[in-house]
Amino acid sequence: MLYVYSEISYKLWRNERKTILRTREGNNYQNKKMRKSTILSLSFFCFLFLSSSLLSSNSMDSTYSIISDKQEKGKFKPDENNLMQKHAFFFDRNQDGSVHPWETYQGLRALGAGVLLSTACGIFINGAFSQLTRPGKFPSLLFPIELRNIVLAKIKSGTDTYDEKGRFIEEKFENIFRDYARTHSDALTRSELSEMRRAHKKPKDYFGWISTWTQWSLTYHLFKDEHGLLKKDTLRGLYDGSTFEKREKELKEKRNALAKKKASI
């Protein structure tokens, strides 16, 4: 009798083990299949992103092109009254009305930012603001910022120097220096800039806090003078993009002069 029970128990154990092994094999197969699909998907997305960065404006998908009466010969022209548009237009390197991550990178490099800083800012800025300027559209893997809707990317915890239509408000700009420029009436130190930024924080606007910190840190890093001051005229020009163009021209001239000097040696 004991032998019979032992034989039955052994057969039950063996059948149960076979079932467990089959289940494990099935799970392993599914896991391998899922891992393979994930790797293929990521590879495809990386290929798509890298390939798109090499495309010219003529080969861009029409989905991301802006069709408006402000375009002339395929080029986007910012509204003269919308200084927020003019500010961002500097980074639209092919002037098609959309700023992509690689254009943000190129614009920052033209302003003297390093490779790593430009790369990080290109990822953060476009990743954070792309969808805000594309209301009602499906998220794009190319992360374009559409200039015609740039006012939708206005930060709540900002200085409100732009109004809801992107227009420049002189009074708000003057308030920055009246309230925070204590060391010099026409310039801001790093600590004064930080104080100004903290004073404009809106409660629970976590996205705005991070965005303004990034924005003002980058502004100070790129445009402070040799004394560590952010000049009033420089900051004013940032709002309409003229400071960007001036800095790019200055750096080009310096590079050309250096190249000529090396060639003459």
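The legends below describe an overview and several close-up views of a predicted model.

**Figure 1. Overview of the predicted protein chain, with its 9 helices and 6 strands.** Of the 265 residues in the protein chain, 36% count as buried. The chain exposes about 17,300 Å², and carbon and sulfur atoms supply 58% of that area. Among the contacts between residues at least 6 apart in sequence, 54% join residues that are at least 24 apart.

**Figure 2. Close-up of helix H7, residues 206–223, and the elements that cover its buried residues.** Helix H7 has 18 residues and reaches 26 Å from its first C-alpha to its last, which is close to the 26 Å expected at 1.5 Å a residue. Its buried residues are Gly208, Ser211, Thr212, Thr214, Trp216, Leu218, Thr219, Tyr220, Leu222 and Phe223. The cover over these buried residues includes helix H3 (101–110), helix H4 (115–129) and helix H6 (190–199), and it also includes strand E6 (230–231), helix H8 (232–240) and helix H9 (242–264).

**Figure 3. Close-up of helix H9 and the packing of its buried residues.** With 23 residues, H9 reaches 33 Å from its first C-alpha to its last, close to the 33 Å expected at 1.5 Å a residue. The buried residues of this helix are Thr243, Phe244, Arg247 and Glu248, and they pack against H2, H3, H7 and H8. As a general point, an α-helix has 3.6 residues a turn, so residues three or four places apart point the same way.

**Figure 4. Close-up of Glu248 and its contacts in the model.** Glu248 has its place in helix H9. Because its relative accessible area is 14%, below the 20% cut-off, Glu248 is counted as buried. When its neighbours within four places in sequence are left aside, Glu248 is in contact with Phe90, Arg93, Ala110 and Leu111.

**Figure 5. Close-up of the crossing of H8 and H9.** The axes of the two helices come within 5 Å and cross at roughly 105 degrees, and H8 and H9 are therefore roughly perpendicular to each other. The residues of this contact divide into 2 nonpolar, 4 polar and 2 charged. On the H8 side they are Asp233, Thr234, Gly237, Leu238 and Asp240, which meet Ser242, Thr243 and Phe244 in H9. One of these H9 residues, Phe244, is also listed among the buried residues of the helix, as is Thr243.

**Figure 6. Close-up of Phe143 and Pro144 in the loop between H4 and E4.** Phe143 has a phi near 50 degrees, a positive value in a residue other than glycine. With a relative accessible area of 34%, Phe143 is partly exposed, whereas Pro144, at 0% relative accessibility, counts as buried. The loop that holds Pro144 leads from H4 to strand E4 (145–146). Pro144 and Arg134 are 10 residues apart in sequence, and their C-alpha atoms are 8.5 Å apart in space.

**Figure 7. Close-up of Gln95 in the loop between helix H2 (83–89) and strand E3 (98–99).** Phi of Gln95 is near 55 degrees, which is a positive value in a residue other than glycine. Gln95 counts as partly exposed, because its relative accessibility of 31% falls between the cut-offs of 20% for buried and 50% for exposed residues.

Key
Residues numbered from 1 in each chain as written. Predicted model: local features only at pLDDT ≥ 70, side-chain atom pairs only at ≥ 80, totals over all residues. Heavy atoms only, no water. Helix = DSSP H or I, 4+ residues; strand = E, 2+ residues; numbered from the N terminus. Expected span 1.5 Å × (residues − 1). Buried < 20%, exposed > 50% of the residue type's maximum accessible area, 1.4 Å probe, protein only. Contact = heavy atoms within 4.5 Å. Areas by Shrake-Rupley, 256 points an atom, 1.4 Å probe, with all protein chains shown as cover. Axes fitted to C-alpha atoms, helices over the stretch in contact; angles between N-to-C directions. Parallel < 35°, antiparallel > 145°, perpendicular 65-115°, else oblique. Nonpolar A, V, L, I, M, F, W, Y, C, P; charged D, E, K, R; others polar.
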